[in-house]
Amino acid sequence: MNRIHDLGGMHGFGPIHAEPERSEPPFHEPWEATACALMLGTLRLGRWSLDRFRHTIERQAPLDYLRRSYFEKWFEAVCELAVAEGLVTEDELRTGVADTPVRPRDERWTPGFSTDRAPRWAAGDRVRAVVRNPAGHTRQPRYVRGRVGTVVRVAGAEPLPEAAAEDRCEVGHVYLVRFEAAELWGADATGRDAVYLELWDDHLEAA
Amino acid sequence: MGHDHDHDHDHDHSDVPPPLALRVKALQSVLAAKGIVSETTVDRIVDAYEHRIGPHLGAGVIARAWIDPAFRERLLADGTEAARDHGIRGLDPGVRLVVVENTPDVHNVVVCTLCSCYPLQLLGMPPVWYKSAPYRSRVVQDPRGVLAEFGTDVDDDVEVRVWDSNSEVRYLVLPERPAGTDELDEAALAALVGRNAMVGVERVLPPADPPPAP
């Protein structure tokens with residue numbers, strides 16, 4: 001989706017405000033710690049994939065996405081998924097009182113990390129990131145669409161994010177691809193810099 | 001809502017969500033009451049990230065790589081296995097740790113432009129700036145400008161590599177060992193290695209005060 005989360009290459013967000021490293025706490029408020037633990041605690045139930053969780057955040061309205069803090073985005077996504085999966089109801093979220101049973105579910109999201117298919121690309125291949133505007137989740141950032149890079153190596157095999165976001169596991173190869181900065185950013189690139197991404201078979205075509 | 005009103009308002013109070021902290025508490029209570037996520041589980045996860053898992057773990061890996069060439073080789077060849085052997089826990093199946101080495105010719109910096117993927121198992125919770133729009137939007141397009149904001153100047157003839165963590169790979173930067181640290185042992189070296197250096201936005205600096213002569 002062409003959503004606000006896909007931030008790479010955008011302008012206008014201002015300077016980076018970094019807290020001093022040695023004094024920044026892992027959580028700034030107690031509720032952030034709880035929200036984090038609830039996200040991790042519910043993720044391991046296998047009721048949804050990490051990509052479905054990411055997709056839920058990506059679908060938050062752009063103004064909400066930018067206004068909400070990081071753990072607030074996490075919390076809203078956990079609430080939405082917990083309701084969708086029948087773990088809790090909206091009423092229970094309002095009252096804090098449990099008064100409905102959990103909806104049972106037999107199958108569990110289980111990611112796979114191997115495939116029998118042979119890799120399509122090998123180190124040194126020139127590849128183009130496909131131009132597409134998928135309606136759903138993807139991990140192919142917008143800034144790389146249509147750009148040509150070089151495969152560095154077959155990096156592994158992982159569930160295709162597009163399918164994983166719908167709790168379907170379709171394992172594909174992922175390739176580490178190097179994109180020269182000038183290929184991505186044109187004359188605004190500096191030095192001989194480069195960006196490295198990992199892309200799936202479905203994200204690449206021969207250049 | 002049973003509180004008194006003495007102010008003018010024209011909105012329906014039922015439209016105003018309770019404060020976030022209360023909503024989080026409500027979800028926590030319901031999930032605990034249903035046995036989905038227990039209070040103990042929440043406490044254990046919070047305790048882990050507040051007290052056990054943090055940049056000191058990554059720093060230990062870096063310091064060992066600096067003093068043990070065989071470990072360094074293994075770390076660069078297969079970061080996941082080497083980190084596991086070193087005692088790093090929580091590298092779940094499917095998560096791949098890739099360690100990228102800074103040299104006099106190459107400077108590496110890590111980002112996740114699409115969300116906030118980060119090597120939690122070695123560095124703990126990411127800092128707020130790492131998850132922020134300014135960092136995520138700019139570092140892929142203007143890495144040298146971002147590095148300069150962190151006080152890190154990179155010479156023109158040094159190549160900057162930006163690693164966008166868009167898959168289940170997690171990147172850790174192996175910084176250059178600072179000069180003048182030959183006498184330091186593994187623990188003293190680890191104490192020099194900060195989180196920002198392992199993300200790649202800073203370098204590891206030599207100790208402020210030289211160690212006393214032996």
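**Fold, interface and cores of the predicted complex**

Of the 207 residues in chain A, 38% are buried. The structure is a predicted model. The predictor assigns the complex an ipTM of 0.97 and a pTM of 0.94. For chain B, the average pLDDT is 92, and 89% of the residues score at least 70. Residues 1-11 of chain B stay under 50 in pLDDT. For this stretch, the model has one contact beyond four places in sequence. Where pLDDT is low, predicted coordinates should not be read in detail.

Chain A contains seven helices and five strands. Starting at the N terminus, the order of its elements is α-α-α-α-α-β-β-α-β-α-β-β. Along the principal axes, the C-alpha atoms of chain A fill a box of roughly 60 × 45 × 30 Å. Contacts in chain A with a separation of 6 or more were also examined by sequence distance. Residues 24 or more positions apart account for 67% of them.

Two domains are assigned in chain A: domain 1 (21-95) and domain 2 (126-206). Their centres, taken over C-alpha atoms, are separated by 27 Å. Seven residues from domain 1 of chain A and six residues from domain 2 of chain A form the contact between them. On the domain 1 side, four residues are charged, two are polar and one is nonpolar.

One backbone feature of chain A concerns Asp167(A). This residue is not a glycine, yet Asp167(A) has a positive phi of about 60 degrees. Asp167(A) sits in the loop between α6 (161-164) and β3 (171-180) of chain A. Asp167(A) is partly exposed because 17 other C-beta atoms lie within 10 Å, a count between the limit of 12 or fewer for exposed and that of 20 or more for buried.

The contact between the chains draws 61 residues from chain B and 61 residues from chain A. On the chain B side, the elements that give two or more residues are α1 (20-33), α2 (39-52), α7 (128-131), α8 (133-138), α9 (143-149), β3 (159-164) and α11 (195-199). Helix α1(B) provides the largest share of this side, twelve residues. By class, the chain B side divides into 32 nonpolar, 15 charged and 14 polar residues.

Strand pairing also links the two chains. Strand β4 (residues 194-200) of chain A runs parallel to β3(B), and three bridges join them. Within this pairing, Ala194(A) stands opposite Arg161(B) of β3(B).

The largest nonpolar core has 74 residues. The residues with the most contacts inside this core are Val195(A), Ile62(B), Val109(B), Val162(B) and Val193(B). Helix α3 (residues 55-67) of chain B gives the largest share of the core, seven residues. Residues up to four places away in sequence aside, Ile62(B) touches Leu174(B), Pro175(B), Val193(B) and Met198(B). A second core, separate from the largest, has 27 residues. Among them are Ala33(A), Phe71(A), Trp74(A) and Phe75(A).

Definitions and conventions: Residues numbered from 1 in each chain as written. Chains lettered and ligands numbered in written order. Predicted model: local features only at pLDDT ≥ 70, side-chain atom pairs only at ≥ 80, totals over all residues. Contact = placed C-beta atoms within 7 Å. Helix = DSSP H or I, 4+ residues; strand = E, 2+ residues; numbered from the N terminus. Nonpolar A, V, L, I, M, F, W, Y, C, P; charged D, E, K, R; others polar. Pairing = 2+ DSSP bridges. Core = buried A, V, L, I, M, F, W, Y, C linked by C-beta atoms within 7 Å. pLDDT = per-residue confidence, 0-100. Domains from an automatic or database assignment.
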